[in-house]
Amino acid sequence: METLRKYGLYEWIDMFLRHLKLERGYSNNTVVSYGTDLKIFAEFLESRNVSSWNELSREHIEAFIQKISSGLSKRTQSRRLSVLRSFFRFLQREGVISRNPAKAVRFPKPDRTLPRVLSVEELKRLFGICSEVLPISDVEAETTEFSSEFSRMLALRDVAILECLYGTGVRASELTRLKLENIHLDAGYIKVQGKGSKERVVPIGEYAVDALKKYLVQVRPKLILNVQGKRGPDSCVFLNNRGEPLSRQGLWKIIKGLAKKAGIKKRITPHTLRHTFATHMLEHGADLKSLQMLLGHASISSTQVYTHLALAHLKEIHETYHPRP
């Protein structure tokens with residue numbers, strides 16, 4: 001039996017992905033993620049022997065969501081449904097289909113989970129480990145022998161990374177894409193490129209400014225000469241030990257390594273510092289609308305999750321210090 005492959009299913013997926021990248025300005029990581037989700041859906045349609053675009057129905061979408069629900073979070077299920085809705089809207093605009101079969105499908109009820117954040121004590125330990133001259137990590141060292149001076153340089157870089165993540169609340173992708181021309185330390189702000197290539201200005205505090213200045217003056221000029229002695233071609237602020245732009249995976253390994261050295265048992269990622277920034281801002285009096293702007297959230301509903309964490313903190317204070325809790 002013929003399937004949708006005959007009608008260019010995979011070709012239309014490729015065109016949709018090019019549309020997202022070239023016309024909508026989506027990041028490479030997002031486009032790859034969309035492509036993975038759509039490939040899984042295409043394989044599902046082939047397994048059901050869907051033979052034409054007109055055969056596609058709401059029931060197919062619901063059956064797909066039900067099939068993938070095992071072992072996946074509600075958030076991942078919702079993301080895949082959102083990807084399908086966007087793909088079918090694209091097909092509608094191109095005249096391939098007359099209706100969006102995913103439009104009437106309801107999103108799964110989200111799991112009630114709160115972001116993981118660091119306590120003040122854990123933050124002190126994390127920054128405390130960075131105040132020392134850190135030995136070079138196994139990830140950075142690989143099989144090459146580095147001098148203690150090189151280890152000190154990487155430690156200064158890691159301090160600047162931590163200060164920027166906690167001091168501004170930027171995303172991991174925003175930090176790794178940060179360019180030299182977009183940091184304005186004397187004026188006290190940086191310009192980052194967020195989701196959908198949207199730019200926003202983020203204030204940066206004294207601790208982060210000092211750490212960045214040390215890194216830019218003492219470290220980056222040396223890192224930009226990689227082990228072969230060739231100049232690095234990129235203007236990204238943060239570089240790895242080879243003088244290349246630091247990747248998101250490299251950033252994740254750095255944060256994980258620092259947390260391990262600090263003796264922090266909970267799982268920590270660069271996003272943990274963003275969550276911690278947001279929670280601490282609310283606990284110290286920041287209003288929700290301002291926090292939304294700082295974080296670059298399109299909807300304030302994304303920011304409101306942090307109010308639950310702040311309320312939990314206030315409840316703890318009340319129980320600790322009120323004479324009749």
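**A three-stranded sheet, a helix crossing and an aromatic cluster**

Two bridges join strand 1 to strand 2, and these strands run antiparallel. The model described here is predicted. In strand 2, I190 is the bridge partner of I183. The two strands form a hairpin with 4 residues between them. Within this hairpin, G188 takes a positive phi near 80°.

Strand 2 also pairs with strand 3. Here 5 bridges join the strands, strand 2 spanning residues 189-193, and the direction is again antiparallel. K191 stands opposite V201 of strand 3. V192 stands opposite R200, also in strand 3. This second hairpin has 5 residues between its strands. G196 lies in the turn and has a positive phi of about 70°.

Together the 3 strands form an open sheet in the order 1-2-3, with antiparallel pairing. Strand 1 and strand 3 (199-203) stand at the edges. Each has a single partner strand, so one side of each is left without a neighbour in the sheet. The two faces of strand 2 are not alike in cover. I190 and V192 make up the covered face. Y189, K191 and Q193 make up the uncovered one.

N182 is found in the loop between helix 8 (172-176) and strand 1 (183-184). The relative accessible area of N182 is 18%. Buried means under 20%, so N182 counts as buried. Leaving out residues up to four places away in sequence, N182 touches I190 and K191. I190 belongs to the covered face of strand 2, K191 to the uncovered one.

The sheet sits in a chain that has 14 helices and 3 strands. The chain has 325 residues, of which 44% count as buried. Contacts between residues at least 6 apart in sequence were also examined; of these, 61% join residues at least 24 apart.

Among the helices, helix 2 (residues 28-47) packs against helix 4 (residues 74-93). The angle is about 85°, and the axes are 10 Å apart. That angle makes helix 2 roughly perpendicular to helix 4. Helix 2 contributes S33, Y34, D37, L38, I40 and F41 to the contact. Helix 4 contributes R79, R80, V83, L84, F87 and F88. By class, the contact has 8 nonpolar residues, 1 polar residue and 3 charged residues.

Aromatic residues were considered next. A search of the whole structure finds 12 aromatic pairs. One of them joins Y26 and Y34. The ring centres of Y26 and Y34 are 5.9 Å apart, and the planes meet at 85°, an edge-to-face arrangement. The two tyrosines fall into separate accessibility classes. Y26 counts as partly exposed, because its relative accessibility is 21%. Y34 counts as buried, because its relative accessibility is 14%.

F41 and F64 form another edge-to-face pair. The centre-to-centre distance is 5.0 Å, with 75° between the planes. This pair links distant parts of the chain. F41 is in helix 2 and F64 is in helix 3 (residues 58-68), 23 residues apart. F41 is buried, at 2% relative accessibility. F64 is buried too, at 2%.

Both pairs belong to one aromatic cluster. The cluster is formed by W12, F16, Y26, Y34, F41, F44, F64, F87, F88 and F90. Y34 and F41 also take part in the contact on the helix 2 side. F87 and F88 do so on the helix 4 side. The helix crossing and the aromatic cluster therefore share these residues.

Another buried residue is found towards helix 11. H275 is placed in this helix, which covers residues 270-283. The relative accessible area of H275 is 16%, so H275 counts as buried. Leaving aside neighbours within four places in sequence, H275 is in contact with P115, R116, V117 and Y306.

Methods:
Residues are numbered from 1 along each chain as its sequence is written. This is a predicted model: local features need pLDDT of at least 70, side-chain atom pairs count only at pLDDT 80 or more; totals for chains, interfaces and linings use all residues. Side-chain values use heavy atoms; hydrogens and water are left out. Axes are lines fitted to C-alpha atoms, for helices over the stretch in contact, and angles run from 0 to 180 degrees between N-to-C directions. Angles under 35 degrees count as roughly parallel, over 145 as roughly antiparallel, 65 to 115 as roughly perpendicular and the rest as oblique. Contact means heavy atoms within 4.5 Å. Ala, Val, Leu, Ile, Met, Phe, Trp, Tyr, Cys and Pro count as nonpolar, Asp, Glu, Lys and Arg as charged, and the others, Gly among them, as polar. Buried means under 20% relative accessible area, exposed over 50%, partly exposed in between (1.4 Å probe, protein chains only). Two strands pair if DSSP finds at least two bridges between them. Rings of Phe, Tyr and Trp (its six-membered ring) pair if their centres lie within 6.5 Å; planes under 30 degrees apart count as stacked, over 60 as edge-to-face and the rest as tilted.
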